[in-house]
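Q: Hi! I'm new to this one, could you walk me through it?
A: Happy to, let's have a look together.
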Amino acid sequence: MEKFQDESLFESYVIIDGRKFISHGATYPFPSDEIEANRLNNRHFRIRWIWKENFAAPIKEKLAADKMTVLDIGCGTGAWIVDMAKEYPRSSFVGVDLINLFPGEEETKKNLLFLQMNVLDRLPFDDGSFDFVHQRDLMHAYTETQWQTIVIPEIARVTKSGGYCEFYEESDKWEDQGPIYENISNTFSCIMATKGVNSSIATRIEEFLKENGQFTDIKVLVERMPVGSYAGRIAELTLENTLNELAGLKPILKAPLGVTDQEFDNMIGELRKECDECKTWFKAYRY
Ligand SMILES: C[S@@+](CC[C@H](N)C(=O)[O-])C[C@H]1O[C@@H](n2cnc3c(N)ncnc32)[C@H](O)[C@@H]1O
C-alpha cells in the first residue's frame with residue numbers, strides 16, 4: 001500500500017475542546033482524530049453485518065476473478081476499502097480522503113493506494129479509470145450544489161462505460177424519534193444549512209443520478225436501522241455509534257443548543273432512554 005499526501009492539506013487542523021477538526025475550508029463538520037477513527041471502524045463492521053455484504057453491485061465474481069479497478073471516495077480510515085482489498089486480492093483499489101486517517105497494513109500493500117486530496121478539486125484520474133466507484137457517508141461533506149455539479153459528474157466521468165457506482169447514506173431524520181433527538185437533529189441541520197449542506201441528501205441521490213443522465217439501471221435499496229437496546233445488540237451498537245458521533249459534534253452543537261458542556265452530556269445520556277422508550281429507527285439507503 002502506498003500513500004500520497006498533499007502537503008497543502010497536511011496539518012491544517014484546529015483543536016476544539018480536545019477534539020481535532022480540519023481547518024481548510026471544507027464543510028465537513030466531524031472531528032478527524034483517533035476517537036473518530038475508532039467510531040468509523042466500528043461503524044463499518046456494523047453496517048457490513050446489517051447488509052451482509054460490503055456492496056450490492058453484481059460484480060462479486062468479476063472482482064474475485066478479474067483485475068477490476070475500484071475507487072472509494074472519502075474512504076476515511078479505509079475500513080471499507082481495506083476489507084475489500086483483502087477479500088479481492090486480484091483487483092486494484094484506490095481510496096481518497098481529505099484527511100489522512102489511512103491505516104498502514106502490510107497485507108494490502110500490493111493492491112491498495114491511498115491519496116490524500118479534496119474531492120471537490122476534481123478527481124485526478126482519467127475518464128473511465130474505474131470499474132466500480134463507491135462512496136459512503138459523505139452527506140455532510142458537500143453542499144447540494146457540489147453534489148450535483150462536481151461529485152456526481154466526477155464519479156460518472158471516472159467510471160468506465162458499463163461500470164458500477166454505489167452510494168450509501170443514512171437518513172438524518174429518525175422515525176419514532178423523541179424530543180431530545182429531534183432538537184439535536186434540527187439544530188445540526190440548521191448549522192449545516194448555513195453552509196449550503198442539505199442533511200437530508202440521502203433521499204435525493206436517486207434524483208441527482210437521474211438528472212445527471214449518465215447513470216442507467218438505477219436501483220435503490222432501503223434498510224430499516226433500529227437504534228437502542230430495545231432491538232438487540234446491533235441496534236445498541238448503532239445507538240453507541242450515534243452517541244459517539246454526537247460527542248464529536250459537541251463543540252459545534254452546544255452553543256446553538258444553548259447548553260453547557262455538562263447539560264450536553266446529560267442530553268446524550270437521556271437520549272439512550274428516549275430511543276428505547278420511542279423504539280426509534282431510521283432508514284439507510286444504497287443507490
Ligand atoms: C463519515 S466519514 C466516512 C468514511 C468512510 N467512507 C466510511 O464509510 O467509513 C466521511 C469522510 O469523508 C471525508 N471527506 C469529507 N470531505 C471530503 C472532501 N471534500 N474530499 C475528500 N474526502 C472528504 C472525511 O475526511 C471523512 O473521512
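A: One term before we start: angles under 35 degrees count as roughly parallel, over 145 as roughly antiparallel, 65 to 115 as roughly perpendicular and the rest as oblique. This is a predicted model, where local features need pLDDT of at least 70 and side-chain atom pairs count only at pLDDT 80 or more, while totals for chains, interfaces and linings use all residues. Residues are numbered from 1 along each chain as its sequence is written.

Q: Cool. How do α4 and α6 cross?
A: The axes of α4 (residues 144–158) and α6 (residues 205–212) come within 10 Å and cross at roughly 70°. The two helices are therefore roughly perpendicular to each other. Helices here are DSSP runs (H or I, at least four residues), as are strands (E, at least two), numbered from the N terminus. Axes are lines fitted to C-alpha atoms, for helices over the stretch in contact, and angles run from 0 to 180 degrees between N-to-C directions.

Q: And which residues meet there?
A: From α4, Trp 147, Gln 148, Ile 152, Pro 153 and Ala 156 meet Phe 208, Leu 209, Glu 211 and Asn 212 of α6. Contact means C-beta atoms, placed from the backbone, within 7 Å. By class, that contact has six nonpolar, two polar and one charged residues. Ala, Val, Leu, Ile, Met, Phe, Trp, Tyr, Cys and Pro count as nonpolar, Asp, Glu, Lys and Arg as charged, and the others, Gly among them, as polar.

Q: What about α1 and α7, at what angle do they pack?
A: About 150°, with the axes of α1 (residues 34–51) and α7 (residues 233–257) 10 Å apart. That makes α1 roughly antiparallel to α7. Their contact has four nonpolar, five polar and five charged residues.

Q: Switching topic: which residues come nearest the ligand?
A: Gly 74, Gly 76, Leu 98, Val 119 and Ala 141, of the 20 residues around the ligand. A residue counts as near if its C-beta atom, placed from the backbone, lies within 6 Å. Both α1 and α3 (79–87) give two or more residues to that shell. The shell divides into 12 nonpolar, five polar and three charged residues.

Conventions
Contact = placed C-beta atoms within 7 Å.
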